[in-house]
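Please open the model in a viewer and keep a selection panel at hand. The stops below are arranged so that each selection can be made in turn.

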Amino acid sequence: MSLVFQSLVLGVLLGGLYALLAAGLTLYFGVMRVVMIAHSAFLILAAYLAWFFNRETGIDPLVSLLFTVPIFFVLGVTMQRTLLSRLRPATLTMMSVLLTFSVALVIEGMLGFVFSGTQRRIRLPYGGDSLELFGANIPVVKLIAFGMAAVSLLALYLILKKTPFGQALRATIQHPEAARLIGINTERIAGYGFGLGLATAAIGGTALSLDSTIYPSLHWHWIGPLMAIIVVGGLGSVPGAAIAALVLGLGQSLLQIPMGTTWAQTIFYVALFATLMVRPQGFFGGRLAQRF
Amino acid sequence: MPSASSSATPAATAAPRGGLALKLVGLVVLAAAVLSFPSMAPNAFILSVGVVIMSYAVLATSWNFVGGFTGYISLGHASYSGLGGYGTALLVIHTDINPWIALLLGGLGVAVLAVPIGIASLRVRGASFVIVSIALVLILLLVFQSWSSVTGGSNGLRVPRPFGTDVLRPEQHERFFYIHAALLAVALLCWWLIDRSRFGMGLKAIREDEDKAQSLGVPTFNYKLTAFVVSAFFTALGGGLYALWFGFLDPIFQFSILVGSYMVLMSLLGGIRSLFGPLLGAVIVGYALEYFKNAYGDTQFHLVALGLLLALVVLFMPDGIIPAVTAGIQRLPRQAASIREESAAELAEQRARKHAASDVPPDERTGKDATNISAHIQPENADETQGARS
């Protein structure tokens, strides 16, 4: 019983991280209709930067967020302005997949080239600590990661709902032409939206570096589940992505008990295929998702 | 640009026959080059590189059945080549049927399997299709690594060779080179036949504008599915042939997104709308890959090179080498066919240019405006478009 409870708690903690990363992917798709394959590569890049920062300075890897988040934001804006906006509109969706895929390859290759393919792990003084909660053992690092994800998601929500920028961003997502008609510079907003998405990868990567072993090709293990989440949630829907992330994260964690870690991962793909068979636009996607 | 059309008419009657002869000569030269390669190769290593490039050419051409005709870009075609390889290998190991029949059965099995996969993934457009194709490779990698009692897991699977032990290594390479070339010829022939058929017309209509194609009565879903299954079949044959040649299968290399992306890169580089585009791309990229692996060894640098090349092609040459070269040749005063193939993207660009010229604000950068109907029926635009086309 306590095993199930423990899995439940761990599943929620994992789902939180998935939700943050899937929210980033949803943002890209919303503002540009772009499927960003390189998202998880940036995630691993951020994890490597956190590890490198910790190795060089000995300071807690969380501090590296101070640099990585602004850097990733600028990178995202640059990437949107210089690469993705160059693509021809008629073939944007397909070509953007290939372009971001090539970005992912370059990042993976450079990580392997600079840091070698060796598996890396941050040694933290509190790395082995855990919290006893109703008979479940919760590692502190996972709690921190979840806390970071929750805070970032909340901040993202507030930015989108309460600020003028967020309003413009949502208008751009809902109807770009109408947004332009009322005077929103959708090109610039799309760039900022991209930056915001990449900033979530910086936070997620730092959170990931706290409790997992990282290596350059790790991003392939993340992109599949994340892609499955945004399709199940409905492309372009942030709440849909968050709910799908929590449900599937929980499912993965619970299935690990009877099936083991490897086979439990298949839940994402099963859910993906089931969604496409039953409801191709995803469970929370509206009119937008069906077209892509 | 429009001035070319007026001077081009006199050559109209001579062009088709001359073009045909030129094409035939080109085909004969190409076939001769391919067939004489094994005897010209200085050593067995070069010959084996030739087999690898041939294998890539088969896979890229097979990929192009779905990528080139329908415009649905699959990054996960390694699933079909991998399944074909494993299917053939398992049949050869566990039954004592002829390896070539096993190869064919493997291909047919994958084609059958591709039907439900196609039904699931072709229900949605573009983005989701790519996601499914990637997910399929990842799931197959998981399954084939974990299910070690059947697939040998991460230890790999040794495939018995179809030729006896008395056939030496270089001889093996030579034979497989010719078999690959034969398979490539069959795939190219099928592509060519589809390209000229009504079915191919429908597929190309889907590529340019699926909604319009559907409204014109093209059974889009069935067409897409058929092209998808044909593509999976040939890809599986290519994978199975590779398994028989290489004699060893490892899930990491069989179900790798990289292999799928090679196919995409090769086809795009050569030109997905051209018959020989994937072949040309396979020769260039295949050679480059072997070169990088040799020059930089085990480092991950070949990934960087591959990524940069793919980005350059996508950004600056999305139509590929062959269309770029033929467009250059057609600048010469010579009449092209009366109906040229033009992509929706090109039309949108022409229209935007014309709008800019006539002081109307240019079309905004969204896909929707590319299909703006009003631009089609404006009478004064009609002749201009005609002029720009020829």
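Which residue of β2(A) is the bridge partner of A:L133? Select the two strands of this predicted model to find out: β1 of chain A covers residues 130-133, and β2 of chain A covers residues 136-139. The partner of A:L133 is A:A136. The two strands run antiparallel and are joined by 4 bridges. Next, select the 2 residues between the strands of this hairpin. One of the residues in the hairpin, A:F134, takes a positive phi near 50°.

**The nonpolar core**

Now select A:A22, A:I229, A:L272 and B:A135, the residues with the most contacts inside the largest nonpolar core, a set of 205 residues. Then display helix α1 of chain A, residues 2-32, which gives the most to this core, with 17 residues.

Centre the view on A:A22. Beyond its neighbours within four places in sequence, A:A22 is in contact with A:L226, A:I229, A:I230 and A:G233, and also with A:A241 and A:A245.

**Where the chains meet**

Colour the model by chain. Here 46 residues of chain A are in contact with 44 residues of chain B. On the chain A side, at least two residues each come from α4 (92-115), α7 (176-181), α9 (219-233), α10 (238-264) and α11 (266-278). Select α4(A) for a closer view: with 17 residues, α4(A) gives the most to the side of chain A that touches chain B. Colouring that side by class shows 30 nonpolar, 10 polar and 6 charged residues.

**A helix pair in chain B**

Hide chain A and turn to chain B, which has 19 helices and 2 strands. Of its 390 residues, 44% are buried. Among contacts in chain B with a separation of 6 or more, 77% are between residues 24 or more positions apart.

Select helix α3 of chain B (residues 44-70) together with helix α11 of chain B (residues 220-246); their axes come within 8 Å and cross at roughly 170°. Because angles over 145 degrees count as roughly antiparallel, this crossing makes α3(B) roughly antiparallel to α11(B).

Show the side chains along the contact. On α3(B), the residues include B:V51, B:S55, B:V58, B:L59, B:W63 and B:F69. On α11(B), the residues include B:K224, B:F228, B:F234, B:G238, B:Y242 and B:W245. By class, the residues of this contact divide into 14 nonpolar, 6 polar and 1 charged.

Definitions and conventions. Residues numbered from 1 in each chain as written. Chains lettered and ligands numbered in written order. Predicted model: local features only at pLDDT ≥ 70, side-chain atom pairs only at ≥ 80, totals over all residues. Core = buried A, V, L, I, M, F, W, Y, C linked by C-beta atoms within 7 Å. Buried ≥ 20, exposed ≤ 12 C-beta atoms within 10 Å, placed from the backbone. Contact = placed C-beta atoms within 7 Å. Nonpolar A, V, L, I, M, F, W, Y, C, P; charged D, E, K, R; others polar. Axes fitted to C-alpha atoms, helices over the stretch in contact; angles between N-to-C directions. Parallel < 35°, antiparallel > 145°, perpendicular 65-115°, else oblique. Pairing = 2+ DSSP bridges.
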